[in-house]
Structure formats: C-alpha cells, structure tokens
Amino acid sequence: MKSHYILIFAILLTSCNSLKQLQLMKSGKTEQKDFFITTPFEFRAGLPVLEVQINGMKGNFLFDTGAPNIISLEFAKKLSLTTKAKGNVRDSGGNTSADQKYVSLSNVKIGSVNFLNTGAIVQDLSSSDVMECIKLDGIIGANLMKEAFWKIDYKNQTITLTDNISKLDISSDYEVLKFNPKISSTPLISLLVNGTEINNITFDTGSNGEITLPKKFYHQLKKEDVNLNSTFTKGSNTYGVSGIAKSDTTYYAKSKSLRIGDTSFNGKIIQFRGYSNIVGTGFLKNFNIILDWRNNQIFLKKIENYDYDSIEDFGFKPNLKDNKLLVGVIFNNSSSYGKLETGDEILEINKTDFTKFSKFDFCELINNGNWEYEKSGKIKIKVKRDKEIFIYDIRKLEVLK
C-alpha cells in the first residue's frame with residue numbers, strides 16, 4: 001500500500017437545508033484587490049498544511065478542497081465564536097456527527113490576503129490518535145477557496161493565490177478538467193475506468209490516499225471482466241474528521257485504462273471502499289494544479305509519473321488504540337492471512353519491542369511513514385490474542401501485480 005494510514009477529510013453536509021447554513025457556505029469575499037501571493041506549506045502525513053491567521057490568531061490548517069472551512073473545538077474556544085446555525089455532517093469514513101455548530105469567521109488571513117466573513121463548522125479534530133498526530137487547528141475549505149484562483153506546487157511545497165488567473169501563466173501543457181461544485185463548493189469530477197464513466201468523485205487535497213471509488217463500481221467492473229486482477233483487505237486503516245472509518249472490505253483492482261479529463265493511464269491500481277469516492281493527494285501530488293471556481297475547471301500539469309501499479313506487502317497494517325499497537329487491516333492473499341487477525345496486539349516485530357511504544361513514537365511514524373520492518377523481506381512478529389501469545393514468520397509478497 002502507498003500509505004499506512006489513509007486520511008480523508010472529505011465532508012458531506014447531511015442537513016444543509018436551513019437558509020442560514022446555505023448563506024454561511026456561500027458567504028465570503030477578499031478584502032484586497034489585484035493580489036498575487038505565494039505561501040509555503042509543509043507535508044504532514046502526506047497532506048498540505050499551512051499557517052493561517054483566524055481573527056488575528058495563528059494556527060496550522062489543512063488545505064482541503066474536499067471539505068468546507070472547519071475550526072477545531074480548542075481553536076474555536078480561543079476565538080469565542082458565536083454559533084450561527086447547527087446541522088449534521090458526515091465524514092468519509094461513514095461517521096455522522098449531529099448538531100455541529102456553524103460559525104462565521106470575520107477574517108481568515110492567508111499570506112497577506114484577508115478573506116472576510118466566510119462560514120465554518122466547529123469540529124472535534126482530536127477524535128483519534130492519528131488525527132492528534134497531525135496537530136491541526138482546522139481546515140481551509142472549498143467555500144473559502146472559491147473566492148480566489150489557486151495554484152498548488154507539490155514539488156516546491158507552495159500555494160499561490162491570486163484574483164487574476166492570467167497571472168498564473170497557464171501553459172499549453174496543462175490539461176483541463178471540468179467540475180461541478182457541491183453546496184460547500186467542493187469540486188466533483190468524472191473519470192473513466194475501463195471505459196465506464198464514474199461521476200461525482202471528490203477532487204480532494206485533504207486525502208493522502210490515491211483513487212478510491214464506491215464498492216458498487218468494483219462489482220460492476222468485475223461483472224464486465226471476470227478476470228479482473230484484484231485483491232482485498234478486511235478491517236480499517238482509514239480515518240476521517242470524526243475518527244477511524246467503520247471496519248469494511250476494501251477492494252484493490254488493477255485497471256486496464258484510467259482517464260481523468262484528457263489524461264490517460266494504463267495498469268494503475270484503484271481502491272474501492274464503502275464510504276469513499278475521492279481522488280486524493282497520493283495521485284494529485286504528481287501534478288501542478290490550478291483551481292478555478294469562476295469557470296468550474298481545474299488545470300493539471302504532470303510533473304512526475306504516477307506509479308501505483310503494484311502492491312508488495314507483508315499483508316497487515318497496524319493501528320494505535322488505547323496506547324496499544326493493533327493489527328488493523330489484513331490482505332486476503334498475503335503471508336499474514338490465516339495467521340494474524342484484526343485486533344491482535346502487536347508485541348514485537350524483528351525483536352523491536354512495541355509494548356512500550358509511545359504516542360510520540362507513533363506520531364513520528366505517522367508523519368514520516370518510516371516503519372523499519374518494511375525494509376526487510378521477512379519478519380518475525382509476536383502478537384497477543386485474548387490471553388494467548390503467537391509468533392509468526394511473515395514474508396513480503398506481491399499481493400497485486
């Protein structure tokens with residue numbers, strides 16, 4: 001797999017029926033005119049995070065086209081924000097949060113540009129150990145982004161914003177991708193997999209995953225091609241705003257053809273999960289991206305080759321729960337299958353003791369993605385299941401090629 005922990009901060013507004021909620025999602029403007037600003041961002045767990053000032057207070061915010069503006073509970077308390085409305089929201093993991101507070105942010109400052117009176121949702125962003133590792137104060141979402149033109153340069157880790165798209169110098173080697181905006185202004189795109197058109201896919205800079213589609217399309221593709229090259233996992237290592245996703249079966253299939261806009265790929269792996277329909281940063285980081293809400297279009301310029309065409313793996317992925325490292329996901333055709341079980345407590349891997357594995361250690365691995373055992377071709381793992389101890393030799397296998 002490309003990442004141990006798939007983080008997807010996409011948000012579905014499940015009850016945006018009140019006039020006040022709609023007004024908050026549509027509100028906002030920039031104070032400055034004729035601006036062109038470039039600001040740096042840093043990668044945290046493969047996601048773009050930048051420094052932002054909200055009503056004069058600095059914080060670390062995820063740049064997320066898949067969500068509206070979000071303020072963490074802790075940051076909202078410091079700002080003493082007034083609740084303007086309430087409603088339910090659902091994250092990409094299928095978790096629904098009821099009666100979330102909607103607020104208005106009088107000033108959001110990115111670089112030297114002030115965004116005035118934009119709506120936001122107050123959300124608990126410390127609902128899991130993984131979320132706490134990223135240390136977010138909130139999310140800069142699509143309902144704010146719509147007020148400017150944006151360029152994301154993943155290679156140089158910069159974001160440029162302007163009120164004049166001609167200043168972004170869109171050369172002929174950019175491909176054009178049309179989108180339809182949701183109520184929150186999140187871009188929804190279409191793509192073709194093995195000739196089948198799939199619509200309403202979230203263009204999501206707030207996910208560190210690859211391309212993930214609803215499971216119904218896997219079954220459709222499998223029906224059309226009984227020899228579809230695929231595998232699957234059981235469990236969960238996917239996290240949304242409200243915490244870990246519900247345990248599920250995730251399918252991985254190697255597509256014969258994939259087309260996004262005018263860009264075509266052959267032999268790339270696509271994931272299929274119950275609650276997700278996203279194109280994430282794992283894919284998007286291979287491009288320079290320009291976002292244009294005025295004309296509902298995205299410009300893509302390839303800077304790196306997208307290489308997700310095989311999976312070599314030990315067949316399990318760990319999660320942290322209650323300060324214990326657990327087996328969270330198992331591949332069906334791996335060396336782990338029939339040995340490990342989801343929920344097993346990992347005590348030791350190759351003589352490395354995980355019984356004293358601190359939250360700090362866990363966060364270091366989340367943000368750096370550097371698990372020492374993955375450098376080996378074979379490991380010895382000790383796990384605890386109920387009150388019994390089991391030791392297994394696990395080999396790294398190509399589970400999908």
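User: Buried means under 20% relative accessible area, exposed over 50%, and partly exposed in between, using a 1.4 Å probe and protein chains only. With that settled, what percentage of the residues of the protein chain count as buried?

Analyst: Heads up, this is a predicted model: local features need pLDDT of at least 70 and side-chain atom pairs count only at pLDDT 80 or more, while totals for chains, interfaces and linings use all residues. Numbering starts from 1 along each chain as its sequence is written, and side-chain values use heavy atoms, with hydrogens and water left out. Across the 401 residues of the protein chain, the buried share is 56%.

User: How many helices and strands does the protein chain have?

Analyst: Both come from DSSP runs numbered from the N terminus: helices are H or I with at least four residues, strands are E with at least two. On that basis the protein chain has 7 helices and 37 strands.

User: What share of the contacts with a separation of 6 or more comes from residues 24 or more positions apart?

Analyst: A contact here is heavy atoms within 4.5 Å. Of the contacts in the protein chain at a separation of 6 or more, those between residues 24 or more positions apart make up 68%.

User: Is the disulfide of Cys133 and Cys363 left-handed or right-handed?

Analyst: A disulfide is taken as a pair of cysteine sulfur atoms within 2.5 Å, and Cys133 and Cys363 sit at 2.1 Å, S to S. They link distant parts of the chain, with Cys133 in helix 3 (residues 129-134) and Cys363 in helix 7 (residues 359-368), 230 residues apart. Cys133 counts as buried because its relative accessibility is 4%, and Cys363 does too because its value is 15%. The torsion about the S-S bond is about -75 degrees, so the disulfide is left-handed.

User: Which strands stand at the edges of the open sheet?

Analyst: Strands pair if DSSP finds at least two bridges between them. The 6 strands of this sheet run in the order 4-14-13-28-29-15, with antiparallel pairing. One side of each edge strand is left without a neighbour in the sheet because each has a single partner, and these are strand 4 (36-40) and strand 15 (175-178).

User: Which residue in strand 29 stands opposite Ile289?

Analyst: Ile289 is also among the residues with the most contacts inside the largest nonpolar core, which has 67 residues; such a core is a set of buried Ala, Val, Leu, Ile, Met, Phe, Trp, Tyr and Cys residues joined through side-chain atoms within 4.5 Å. Strand 28 (residues 287-292) pairs antiparallel with strand 29 (residues 297-302) over 6 bridges. Opposite Ile289, in strand 29, stands Leu300.
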